[in-house]
Structure formats: structure tokens, C-alpha cells
Amino acid sequence: MLHQIKGLHHVTSLASGAQANNAFFTRALGLRRVKKTVNFDAPHVYHLYYGDEHGSPGSVMTYFPFPGAARGRHGAGEVGVTAFAVPVGALGYWADRLAGLGVTGLNRTSSFGQDRLTFDGPDGDTFALVETDDARAPWTGTDVPEDLAIRGFHSASMRLRDAGASAELLRFMGYEETGRDGDMTRFAVTGGNGADVIDIETLPGAPAAEQGAGSVHHIAFAVENRARQLEVREALLDTGWQVTPVIDRDYFWAIYFRTPGGVLFEVATNEPGFDRDEDTAHLGEALKLPTQHAHLRDVLEQRLEPITD
Ligand code: ZN
């Protein structure tokens with residue numbers, strides 16, 4: 001069993017428009033945009049990152065907004081709910097705030113004994129806020145009161161027809177089953193960064209998901225540094241997983257592998273972080289380009305959808 005994985009690092013999803021996406025995460029949810037850059041493989045598309053003050057691993061929601069992209073179809077083989085942690089007692093504020101902003105799909109429920117508020121993202125993404133004791137510091141440069149603000153991720157869930165092989169993989173990665181609630185099985189890693197929970201929702205008859213705007217593209221797990229990442233990569237390869245080589249993503253190093261249920265996993269390093277090319281005070285303000293796309297700056301600045309902060 002691995003011991004290097006310390007919870008989620010980031011969650012990356014697809015969107016249909018940059019401005020609406022930016023407004024939702026910064027104005028509605030009160031997160032900080034910590035990086036404005038472009039997709040390594042499609043530089044005409046933004047890669048937007050939202051999180052806490054520093055973009056701490058375990059807090060970072062990232063998006064590829066493909067202009068006008070068709071919505072995905074939810075189903076089996078994808079990430080279901082991306083959940084953020086908020087302090088106990090905060091959901092009343094959030095229900096009022098999100099309703100006032102016209103957010104759809106608002107629903108107060110309870111899962112594993114924790115109160116949660118589920119709601120839709122701008123492209124039909126499925127989110128939740130979960131009340132939990134969480135010592136992580138929130139971003140305070142927003143109108144959301146500090147004692148009610150999002151602390152980072154609580155969990156991500158996977159919708160699978162059969163949980164078996166993915167549960168086994170999570171155990172190998174260092175997660176332990178901590179409970180069951182209806183068709184949900186909860187796994188958690190000890191000693192994590194706060195974003196410690198993965199739920200598996202077992203839906204034997206569900207149609208296959210189709211990826212599009214509002215779909216999660218992949219979830220990334222955090223390791224401290226490149227040495228730990230190489231240990232994880234070797235262990236996965238030894239166990240028969242097809243893992244990519246290490247890829248430089250400018251703000252972290254990444255490896256990827258496809259899990260049995262269809263969800264794409266990444267393992268990302270906490271180093272070097274989002275302040276490698278911007279001061280913490282100004283994270284996310286300037287358009288940052290990967291070195292290989294730097295020569296496209298003039299074209300991209302003209303063609304990328306303007307984002308009004
Ligand atoms: Zn990623």
C-alpha cells in the first residue's frame with residue numbers, strides 16, 4: 001500500500017465559456033483565481049485555476065473553457081460530485097447566497113452524517129458544499145465572510161457501474177474504506193491535506209457518461225515532491241497500471257493513468273506551486289503562457305475570450 005498520496009491536488013473540468021466560469025468560481029463561490037494560463041495541448045483554450053490564497057493542493061478547481069462546447073451527459077464512468085468543505089453552520093448562508101444568484105439545482109441533503117448543499121455549476125456540473133470541521137484557511141479577498149467561506153475540497157465522488165476494481169485501486173493508493181451510506185462507499189486517506197475523501201457511487205444500470213462542458217476531465221492526487229511521485233509511478237507500473245511519463249505542467253509535475261471504471265487519475269506534485277511565476281499578491285491576474293506557446297501571445301490576447309474580473 002502506498003503512503004505518498006496526501007489527498008486531492010486539483011480537479012479539472014470542462015466548460016463552455018471563460019467569463020461565466022470565472023464569475024461563478026470567483027464571485028459566487030468566493031474562490032481566488034490563482035492562475036490564468038492556456039491549455040498545453042490547445043493553446044487557444046484557457047486553463048483557469050481557482051483555489052485558496054496560494055492555490056494550495058487540495059483547494060484547486062481548474063477548467064478548460066472551450067467556447068460554445070456542448071454539454072456532457074452525466075452517467076457511469078465519470079466523477080459525479082465535486083464537494084467543497086465549509087464550516088459547520090454555513091449552509092444556510094450558502095443556500096440563500098446561491099439562490100439569490102440564480103444558481104440551479106439547490107438541494108439540502110445529508111450524507112455520511114454530514115449536511116450538504118448540492119447545486120449546479122454553469123454548465124450543469126454537479127457540486128456540493130459539505131459542513132465539516134476543517135482547519136484550512138479560506139481565501140478572504142471576497143465578500144464571503146471568512147467564517148463561512150470554502151476551505152478547499154472536501155471530496156470527489158466517482159459514479160461507477162461496479163466499484164470493485166476502483167475500490168481496490170484506492171486501497172493500493174493508501175485510502176481506507178470508512179463507511180457506506182446507501183449506494184455510496186466512502187474512502188479516506190489519513191495524514192492528508194484536508195481534501196482526504198473519495199466516494200464511490202455504485203450505479204449498476206447507469207448509461208455511460210459522455211464528456212462535454214460540465215464534465216470533470218480528471219482528478220489529481222497530491223504528492224509532496226518529484227521523488228515521491230516517482231515512487232508512486234514505479235509502484236503503479238509494477239502493479240500493471242499504464243502510467244504516462246512525468247509531464248511538466250509548469251506549476252506541478254504530473255503523471256496520468258486511466259482507472260478501471262473510466263475515470264482519469266493524475267498524481268501531481270505540490271512543488272513548485274503557483275507562485276513560481278507571479279507574486280502571491282497578484283496570482284491569477286496576468287495571462288501566463290507555457291514557454292512553448294510564448295510566441296503566440298499577441299494572437300492569444302486578441303482571440304481568447306476577455307475575462308472581466
Ligand atoms: Zn490535472
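**View 1. The buried residues of helix H2 are Leu91, Trp94, Ala95, Arg97 and Leu98.** "Buried" here means under 20% relative accessible area, with over 50% called exposed and anything in between partly exposed (1.4 Å probe, protein chains only). This is a predicted model, where local features need pLDDT of at least 70 and side-chain atom pairs count only at pLDDT 80 or more, while totals for chains, interfaces and linings use all residues. Residues are numbered from 1 along each chain as its sequence is written, and side-chain values use heavy atoms, with hydrogens and water left out. Helices (H or I, at least four residues) and strands (E, at least two) are DSSP runs, numbered from the N terminus. The cover over the buried residues of H2 includes H1, E5, E6, E7 and E8. After H2 comes Gly102, with a positive phi near 80 degrees.

**View 2. Helix H2 (residues 91-100) sits against an open sheet of 8 strands.** Follow the strands across and you get E6-E7-E8-E5-E9-E12-E11-E10, with mixed pairing; two strands pair if DSSP finds at least two bridges between them. Strand E6 (107-111) and strand E10 (176-181) are the edges, each pairing on one side only. From one strand to the next, the twist averages 30 degrees. H2 packs on this sheet by touching E5, E6, strand E7 (114-120) and strand E8 (126-131), where contact means heavy atoms within 4.5 Å. The direction of H2 makes about 10 degrees with that of E7 (axes are lines fitted to C-alpha atoms, for helices over the stretch in contact, and angles run from 0 to 180 degrees between N-to-C directions). Strand E5 (residues 78-86) and strand E9 (residues 152-160) run antiparallel, joined by 6 bridges. Look for Glu78, which stands opposite Arg159 in E9.

**View 3. Trp94 is one of the best-connected residues of the largest nonpolar core.** A nonpolar core is a set of buried Ala, Val, Leu, Ile, Met, Phe, Trp, Tyr and Cys residues joined through side-chain atoms within 4.5 Å. The largest one has 67 residues, and those with the most contacts inside it are Phe25, Leu29, Phe84, Trp94, Leu129, Ile219 and Phe265. Setting aside neighbours within four places in sequence, Trp94 is in contact with Ala28, Leu29, Val86, Leu117, Leu129, Val144, Leu148, Ala149 and Ile150. There's also a second, separate core of 12 residues, which includes Val60, Phe252, Ala254 and Tyr256.

**View 4. Helix H1 (residues 18-28) packs on another open sheet.** Here 8 strands line up as E2-E3-E4-E1-E13-E16-E15-E14, again with mixed pairing. At the edges are E2 and strand E14 (247-248), each pairing on one side only. H1 touches E1, E2, E3 and strand E4 (60-65), and its direction makes about 5 degrees with that of E3. In H1, 9 of the 11 residues are buried, so the helix is largely enclosed by the rest of the structure; among them are Phe24 and Phe25. Just after H1, Gly30 takes a positive phi of about 75 degrees. Strand E2 (residues 32-38) has 7 of its 7 residues buried, so it too is largely enclosed by the rest of the structure. E2 pairs with strand E3 (residues 46-51) in the antiparallel sense over 6 bridges, and Arg32 stands opposite Gly51 in E3.

**View 5. Three protein residues hold on to the zinc ion: His10, His218 and Glu266.** Their donor atoms are NE2 of His10, NE2 of His218 and OE of Glu266, lying 1.9 to 2.0 Å from the zinc. Donors are N, O and S atoms within 2.8 Å of the metal (3.2 Å for Na, K and Ca); water is not among the atoms, so sites may look incomplete. In sequence, the spacing of the donor residues reads H-x207-H-x47-E. His218 lies in strand E13 (residues 216-223) and Glu266 in strand E16 (residues 264-272), so this pair ties together parts that are 48 residues apart in sequence. Both His218 and Glu266 are buried. E13 runs antiparallel to E1, joined by 5 bridges, and Thr12 stands opposite His218.

**View 6. His9 belongs to strand E1 (residues 8-15).** With 2% relative accessibility, His9 counts as buried. Beyond neighbours within four places in sequence, the contacts of His9 include Pro57, Val60, Phe221, Phe252 and Asn270.
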